[in-house]
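Trainee: I should like to learn how the features of a protein model are read, one at a time. May we work through an example together?

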Amino acid sequence: QVQVVESGGGLVQAGGSLRLSCAASGNDFRINAMSWHRQAPGKQRVLVATITSAGSTNYADSLNGRFTISRDNAKNTVYLRMDNLKPEDTAVYYCNINLRRLGADNNYSYWGRGTQVTVSS
């Protein structure tokens, strides 16, 4: 069974920084894309950033270069560095891992339970 666990959220003042981590645990799989999403109160969950197995990245336009996604394949971990945080970044941040189990024909998507990020003004 694959488990996905986020960490690193918390309370920070506007202009501050946080780094989120998300680790996938389990056996016999190969990770494809990894991504971060967020859901603000009363709003839908939206994509924040994606990183492919080759290291290509993509970001939501609204971030204006403030966030950086990276991954450590040896640790099955994806990170989200968030700089110059704003109150509107307040949300629960979720990690998604797309992987293929060894010997399987299909890819599977796993979500973490989320980590709260609160930015005070």
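Mentor: We shall discuss a sheet, a hairpin, the salt bridges and two polar residues in turn. Please keep in mind that this is a predicted model.

Trainee: Let us begin with the sheet. In what order do the strands of the open sheet of 4 strands lie?

Mentor: One reads a sheet from edge to edge rather than along the sequence. Here the order is E1-E3-E8-E7, and the pairing is antiparallel. Strand E1 (3-7) and strand E7 (67-72) are the edges; each has a single partner strand, so one side of each is left without a neighbour in the sheet. On average, and ignoring direction, neighbouring strands of this sheet are turned by 15° against each other.

Trainee: How many bridges pair E7 with strand E8?

Mentor: There are 6 bridges between E7 and E8 (residues 77-82), in the antiparallel sense. Individual pairs can be followed along the two strands: Thr 68 stands opposite Arg 81 in E8, and Asp 72 has Thr 77 as its bridge partner. The hairpin of E7 and E8 has 4 residues between the strands, and Asn 76 takes a positive phi near 50° there.

Trainee: Which side chains of E7 are buried, and which are not?

Mentor: The general idea is that in a regular strand the side chains alternate between the two faces of the sheet. In E7, Phe 67, Ile 69 and Arg 71 point to one face and are buried. Thr 68, Ser 70 and Asp 72 point to the other face and are not buried.

Trainee: How many residues of strand E4 are buried?

Mentor: One counts the covered residues along the strand. For E4 (residues 29-39) the count is 8 of 11, so the strand is mostly covered. Next one examines its partners. E4 runs antiparallel to strand E9 (residues 91-101), with 9 bridges joining them, and Arg 38 stands opposite Tyr 93 in E9. E4 is also antiparallel to strand E5 (residues 46-51), through 5 bridges; His 37 has Leu 47 of E5 as its bridge partner. In the hairpin of E4 and E5, with 6 residues between the strands, Gly 42 takes a positive phi near 75°.

Trainee: Let us turn to charges. How many salt bridges does a search of the whole structure find?

Mentor: The search finds 3 salt bridges. For each, one asks which atoms meet, where the partners lie and whether they are covered. Asp 89 forms a salt bridge with Arg 38, with the closest N and O atoms 2.9 Å apart. Asp 89 lies in the loop between E8 and E9 and Arg 38 in strand E4, so this pair ties together parts that are 51 residues apart in sequence. Both residues, Asp 89 and Arg 38, are buried.

The side chains of Arg 66 and Asp 89 also meet in a salt bridge, at 2.8 Å from N to O. This pair links distant parts of the chain, 23 residues apart, with Arg 66 in the loop between strand E6 (57-59) and E7. Arg 66 is buried as well as Asp 89. Arg 38, Arg 66 and Asp 89 are thus linked in a network of salt bridges.

Trainee: Are the partners Asp 83 and Arg 81 buried or partly exposed?

Mentor: Asp 83 forms a salt bridge with Arg 81, and the closest N and O atoms are 2.9 Å apart. Asp 83 is partly exposed, with a relative accessible area of 27%. Arg 81 is partly exposed too, at 38%.

Trainee: What surrounds a buried charge such as Glu 6, which has no salt bridge?

Mentor: One looks for the nearest opposite charge and then for polar atoms of the backbone. Glu 6 lies in strand E1, and the nearest side chain of opposite charge, Arg 45, is 7.3 Å away. A polar atom of the Glu 6 side chain lies 3.1 Å from the backbone nitrogen of Arg 113, and one lies 2.8 Å from the backbone nitrogen of Gly 114. Contacts of Glu 6 beyond four places in sequence include Trp 36, Tyr 94 and Cys 95.

Trainee: Which side chain makes a polar contact with that of Asn 32?

Mentor: The side chain of Asn 107 does so, at 3.2 Å. Asn 32 lies in strand E4 and is buried, with a relative accessible area of 17%. Its contacts beyond four places in sequence include Arg 71, Leu 99 and Arg 100. The C-alpha atoms of Asn 32 and Ile 97 are separated by 7.5 Å, although the two residues are 65 residues apart along the chain.

Methods: Residues numbered from 1 in each chain as written. Predicted model: local features only at pLDDT ≥ 70, side-chain atom pairs only at ≥ 80, totals over all residues. Heavy atoms only, no water. Pairing = 2+ DSSP bridges. Axes fitted to C-alpha atoms, helices over the stretch in contact; angles between N-to-C directions. Buried < 20%, exposed > 50% of the residue type's maximum accessible area, 1.4 Å probe, protein only. Lys, Arg positive; Asp, Glu negative; His and termini not counted. Salt bridge = Lys/Arg side-chain N within 4 Å of Asp/Glu carboxyl O. Polar contact = N/O pair within 3.5 Å; in protein donor to acceptor, adjacent residues only side chain to side chain. Contact = heavy atoms within 4.5 Å.
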